Amino acid sequence: MAGLRLLVAAVVLGFLSSTSQSLRFELQSGHTKCIVEDIKANAMTVGKYSVVNPNEGHPIPDSHKLTVRVTSHYGNNYHYSELVESGQFAFVAAEAGDYMACFWAPDHKPQITLTIEFDWKTGVAAKDWSNVAKKGSVDVMELELKKLFDTVTSIHEEMFYLRQREEEMQELNRTTNSRMAWFSLLSLFVCSSVAALQWWHLKTFFEKKKLI
């Protein structure tokens, strides 16, 4: 029983960690960096980004600006900000797949390096639980139960999503194997035909030369 509880806890923790990314990375001027997140359909996602001020206590330089675009796997645009030092986005994914957040720093002479902090949360991790507690006037235990219920629901949905992706991959494998089988038969037929033509050509050649 204790082992089962540990397994469930590990699954829950693993699920939560997989739906939340907190990054700090560097980006040189004139370059682009993209971050990809796999999001299922109808899942809530929230992102927040900011350029770290190189001179703390002073206004951030005009050179430390970036352009941010968030798009879906199909190219649909969900967020766009041009030449900003910070920003955020929030949306419900209309389709399942890989969503891409791209950061571009304008070209600058001499070249400079921007440090960017980026926090991207999806699903249960994207929900503002402090706001839920304030609106619902719930106690700590009830809030934890709400979190647990939403987590279990998300895991259940994620299992169905993964099962669907697995079925799609199996169907793709079956189709690929079928095509490879037909291609192998076609290759065998072509090779046999070429060998037969070569044999006929050599036989005809030797007969003309009266070697056989």
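# Exercises on a predicted model

Leucine 83 has a relative accessibility of 47%, so this residue counts as partly exposed. The model is predicted. Work through the exercises with the structure open.

## Exercise 1. Backbone angles

Find where leucine 83 lies and state what marks its phi.

Solution.
- Step 1: Locate the residue. Leucine 83 sits in strand β5.
- Step 2: Read phi. The value for leucine 83 is near 55°, which is positive in a residue other than glycine.
- Step 3: Look at asparagine 42. Its phi is also positive, about 65°, and asparagine 42 is not a glycine.
- Step 4: Place asparagine 42. This residue belongs to the loop between β2 and β3.
- Step 5: Judge its exposure. Exposed means over 50% relative accessible area. Asparagine 42 has 65%, so it counts as exposed.
- Step 6: Check a peptide bond. The one from lysine 109 to proline 110 is cis, and its omega is near -5°. Proline 110 lies in the loop between β7 and β8.

## Exercise 2. The overall layout

How many helices and strands does the protein have, and in what order do the elements run?

Solution.
- Step 1: Count. The protein contains three helices and eight strands.
- Step 2: Order them. From the N terminus, the run is α-β-β-β-β-β-β-β-β-α-α.
- Step 3: Check burial. Of the 212 residues, 26% are buried.
- Step 4: Check contact range. Take contacts between residues at least 6 apart in sequence: 72% of them join residues at least 24 apart.
- Step 5: Check the surface. About 14800 Å² is exposed, and carbon and sulfur atoms supply 60% of that area.

## Exercise 3. The largest nonpolar core

Which residues touch the most other members of the largest nonpolar core?

Solution.
- Step 1: Name them. This core has 23 residues, and Phe89, Phe103, Phe118 and Trp120 touch the most other members.
- Step 2: Trace the strands. β1 (20–28), β2 (32–39), β3 (44–51), β4 (66–71), β6 (86–92), β7 (97–104) and β8 (113–122) each give at least two residues to this core.
- Step 3: Find the main supplier. β8 gives the largest share, four residues.
- Step 4: Follow one member. Beyond its neighbours within four places in sequence, phenylalanine 103 contacts several residues, including Phe25, Ile35, Tyr49, Val68, Ile116 and Phe118.

## Exercise 4. Salt bridges

How many salt bridges are there, and which parts do they link?

Solution.
- Step 1: Recall the principle. Side chains of opposite charge can pair when their charged atoms come close.
- Step 2: Count. The structure has four salt bridges. Three are worked through below.
- Step 3: Take glutamate 117. This residue pairs with arginine 24, and the closest N and O atoms are 2.4 Å apart. The two lie in distant parts of the chain: glutamate 117 in strand β8 and arginine 24 in strand β1, 93 residues apart. Glutamate 117 is partly exposed, at 35%, whereas arginine 24 is exposed, at 55%.
- Step 4: Take glutamate 85. Its partner is lysine 65, with 3.1 Å between the closest N and O atoms. Glutamate 85 is in the loop between β5 (77–84) and β6, and lysine 65 is in the loop between β3 and β4, so the pair ties together parts 20 residues apart in sequence. Glutamate 85 is partly exposed, with 33% relative accessible area.
- Step 5: Take arginine 174. This residue bridges to glutamate 171, and the closest N and O atoms are 2.9 Å apart. The two are three residues apart in helix α3, so about one helical turn separates them. Arginine 174 is partly exposed, at 49%, and glutamate 171 is partly exposed, at 42%.

## Exercise 5. Valine 92

Identify what valine 92 touches beyond its neighbours up to four places away in sequence.

Solution.
- Step 1: Place the residue. Valine 92 is in strand β6.
- Step 2: List the contacts. They are Asn42, Ala43, Met44 and Tyr78.
- Step 3: Compare chain and space. Valine 92 and methionine 44 are 48 residues apart along the chain, but their C-alpha atoms are 4.5 Å apart.
- Step 4: Judge exposure. Valine 92 has 46% relative accessibility, so it is partly exposed.

## Exercise 6. A nonpolar patch and a recorded span

Which residues make the nonpolar surface patch of about 380 Å²?

Solution.
- Step 1: Name them. The patch is made by Leu186, Phe189, Val190 and Val194.
- Step 2: Place one. Valine 190 is in helix α3 (residues 140–208). This residue is partly exposed, with 42% relative accessible area.
- Step 3: Consult the record. An unreviewed UniProt entry lists residues 180–200 as "transmembrane region".
- Step 4: Compare with the model. Residues 180–200 are 100% helix and 0% strand, and the end C-alpha atoms lie 30 Å apart.

Notes: Residues are numbered from 1 along each chain as its sequence is written. This is a predicted model: local features need pLDDT of at least 70, side-chain atom pairs count only at pLDDT 80 or more; totals for chains, interfaces and linings use all residues. Side-chain values use heavy atoms; hydrogens and water are left out. A nonpolar core is a set of buried Ala, Val, Leu, Ile, Met, Phe, Trp, Tyr and Cys residues joined through side-chain atoms within 4.5 Å. Buried means under 20% relative accessible area, exposed over 50%, partly exposed in between (1.4 Å probe, protein chains only). Contact means heavy atoms within 4.5 Å. Patches are made of residues with over 30% relative accessible area and no salt bridge: like charges are joined within 9 Å, nonpolar side chains (Val, Leu, Ile, Met, Phe, Trp, Tyr) within 5 Å. Accessible areas come from the Shrake-Rupley method with a 1.4 Å probe; for residues, only the protein chains shown count as cover. A salt bridge is a side-chain nitrogen of Lys or Arg within 4 Å of a carboxyl oxygen of Asp or Glu. UniProt positions are given in the numbering used here, feature names are shortened, and annotations may be inferred rather than shown by experiment.
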